[in-house]
Amino acid sequence: MSAGSSHMAADSVADLALLRRFEPQLRLTRGEHFQPMGIDTYLGLTDLLSGRQGQEPEVVVSRPEVTQEVLAKWGGGPADAVNYLQFVRRPLNALELVRFRTQQSPLRQFHRGTLRLARVGLAGRLLDAAFALSFLARGRVPGGVAAAAAATIRDTVGDDPPVYYGRVTRTPSYTVLQYYFFYAYNDYRSHYRGANDHEGDWELVSLYLSEDHDEGPTLEWAAFAAHDRSGPDLRRRWDDLELERVGEHPILYVGAGSHAGFFAPGDYLIRIELRPLARLREQMEELRDVWRRLLRQRGSADGEPEDRRLALAFVDYARGDGRMLGPRTEHPFEARLVEEQPALLEYAGLWGRYSQDFLRGEDAPTGPRFNPDGSLRTSWYDPVGWAGLHGVPPLSWEAEMISEELEKLVSSRLATAEAAAGAAAEAERLGVRLAALEQLPAPPAELEGRAVELEEATRRAQALLREIGEQNRLIEALQERRTHLLAGERKDPRAHLSHPSIPEREEGPRLRRLAETWSALSAGLLLLGGVAVAGVFRVSPLPLLLLLGGFIFVESLFSRRLVVFVHALVLGLALVTLAILVWEFWWPIFVSLTAALGVYLIWSNLAELRGR
Amino acid sequence: MALLLMVQATLWGLAGSLDLLEARPAFPLAEDLSPATLALAGLNIVVAVGMLLLRPWAWLAAVSLQGVILAWGLLTYFRGNPHYLAMTVAVSLVLYLNLREVRRPFGVEELHPRRGMREREL
């Protein structure tokens, strides 16, 4: 063994030890079909295919010949083709599906709680119906694939230990531990009424350590991947109460089917806002702003929780009441290093079925390194930025960094003060000259140029003095921050969160059973009622409005929002009435306002005249 | 606010009384409903007293009352028999009731309960 390779081997051992020391504990939801598994086992159950748009895909390598080495060699495959693995060859038929669900599936142990549709409003249900219809036009994973995948994994993987793929990245500020978990299938839609299904599912946990010289590496932040999101909302600070842990191991609650990561157990309402609706909402917000600020009014939507707004809504069940995996459990992880997995480093294709879904939700994902377009993932090349940690130094560094910054600022302020004094002296010198020239009986032609010079010198001096003021303020702020840090005080651990995932309240809708039945029927009934009303009254808007109002009223009863409903209704009536009054009396209103303005102007000007 | 409601109650009471006394031409507001206008006047007084005493229910009751008047106003308008004075007063009252300063004493600045994260012990 050469010196270089032995050094690399020593690094790998150290990395693996570090990964082992902080590895997370996973808590699944009861009824979950899949758990993190080794990719070698999975690859042995797949075919490698390559296909072009509108053409029959070609099987490049058949099972069980697909290995990591094969994938690494294949790399990105032909540039104009989509390269993918296919796990399930034959979906279960209807009979097999019934047998699986009634006799074999762990899903029998899963209790969905309050019906998803009862957790969202009427508009959300209508959107949901439109979303379901969208599958007619989109590519999708066929029915029976999820159950076939679950059955295959149960038969082949059995009680094999769960696996993660670890990667250690050292940046100037943090040592980042990334734990990649691979699930054979995402059955979120099929089994949990979620957004999508797809073969192959990669999930990520990132831990951010600071290197303290005295104490060694200490965990500062933990970030859990959820639904392709990125940014500060994914991470929690080590001292945040929401981040549960056993020893040095953070606990991750895994969403059933979706395998998204959450910090606290519970049911999470996941909102997916469609782009046109987001634009509409922004415009409504601007109108509301005028309503609130200019007219000092309150709106019915003020303070409304975001999950009530117009968006597709799904529930992520991350209850943690199922199997526990990882440290201090009966199912410890088998740890493998990413750098030793050629397929993870080289294969840029999909890790499962290609469904030709133009929204991509039903297509399998690419691996940890690549985006579907072949570019590198942010979480791969910039794990610090992925969790929004640029600009957030480790705690152990911050006081020292502030001291360095203060040193620089103080010397910079000294230089600025000297420059300001020089500029002020220059302005005075120019002022003296100008005053002398002005008193001459025949001022020279250059006088105007001198005045401009003086003005510029004055402006320069003012700018430098303003800079000194700002530097002083910054120095004071840094000194205060350093004092707090040295006293052991830290900022609120949740200050960086803008839209954190929060579990649903346990309190369900009023009269739950009835509310669930209503939620299941209401969207369809509204459409049928609309058709019936239109058939009887043709294009008369009033009966349609009454029908809609009736539905919203019933909705508000179930969701304990009757007051909001009454308020919104009365505000709506007032605005319509106001519009009618303006329409009917626009001329008297215009004349009155103009007359009032005239009277006010006269009164105001006379008051000024009297006060002279 | 209570004073405004009292004024409104007086208007409705007057309208109802005039209607009962068959003095419709003198006060066109009472053409459609006479017992109802008297009832509205009575309700107005109750709500006005509630507002004077800063009862939490009074704000919602006042808003609801104006809602009834507005709905009636719109109905009569679309039937070709508008009561612009009643409509104007009701619109003004709704906008006034909806001001932050008016809502605050009744504890209804925000109608939606805030969702907070459950505190859990580790």
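**Exercise 1. In the hairpin of β2(A) and β3(A), find the residue that takes a positive phi.**

Step 1. Find the two strands, remembering that helices (H or I, at least four residues) and strands (E, at least two) are DSSP runs, numbered from the N terminus. Strand β2 covers residues 47–51 of chain A, and strand β3 covers residues 58–61 of chain A.

Step 2. Look at the link: six residues lie between the strands, and A:Gly54 has the positive phi, near 80°.

Step 3. Check the pairing, where two strands pair if DSSP finds at least two bridges between them. β2(A) and β3(A) run antiparallel and are joined by three bridges; A:Leu49 has A:Val59 in β3(A) as its bridge partner.

Step 4. Turn to the other partner of β2(A): strand β4 (residues 82–86) of chain A pairs with β2(A) over five bridges, also in the antiparallel sense. Here A:Leu48 is matched with A:Leu85 in β4(A).

A note before you go on: this is a predicted model, in which local features need pLDDT of at least 70, side-chain atom pairs count only at pLDDT 80 or more, and totals for chains, interfaces and linings use all residues. Residues are numbered from 1 along each chain as its sequence is written, while chains are lettered from A and ligands numbered from 1 in the order in which they are written.

**Exercise 2. Trace the open sheet of six strands and name its edge strands.**

Step 1. Follow the order β9-β8-β7-β6-β5-β16 in chain A, where the pairing is mixed.

Step 2. Pick out the strands that pair on one side only: β9 (235–237) and β16 (334–337) of chain A. From one strand to the next, the twist averages 30°.

Step 3. Zoom in on one pair: β5 (residues 163–170) and β6 (residues 175–186) of chain A are antiparallel, with six bridges. A:Tyr165 stands opposite A:Tyr180 in β6(A).

**Exercise 3. How do helices α14 and α15 of chain A cross?**

Step 1. Take the axes, which are lines fitted to C-alpha atoms, for helices over the stretch in contact, with angles from 0 to 180 degrees between N-to-C directions. Those of α14 (residues 512–537) and α15 (residues 541–558) of chain A come within 9 Å and cross at roughly 170°.

Step 2. Name the arrangement: that angle makes α14(A) roughly antiparallel to α15(A), a label for angles over 145 degrees.

Step 3. List some contacts, meaning C-beta atoms, placed from the backbone, within 7 Å. Among the residues that meet are A:Trp518 and A:Leu526 in α14(A), and A:Leu547 and A:Phe551 in α15(A).

Key:
Parallel < 35°, antiparallel > 145°, perpendicular 65-115°, else oblique. Contact = placed C-beta atoms within 7 Å.
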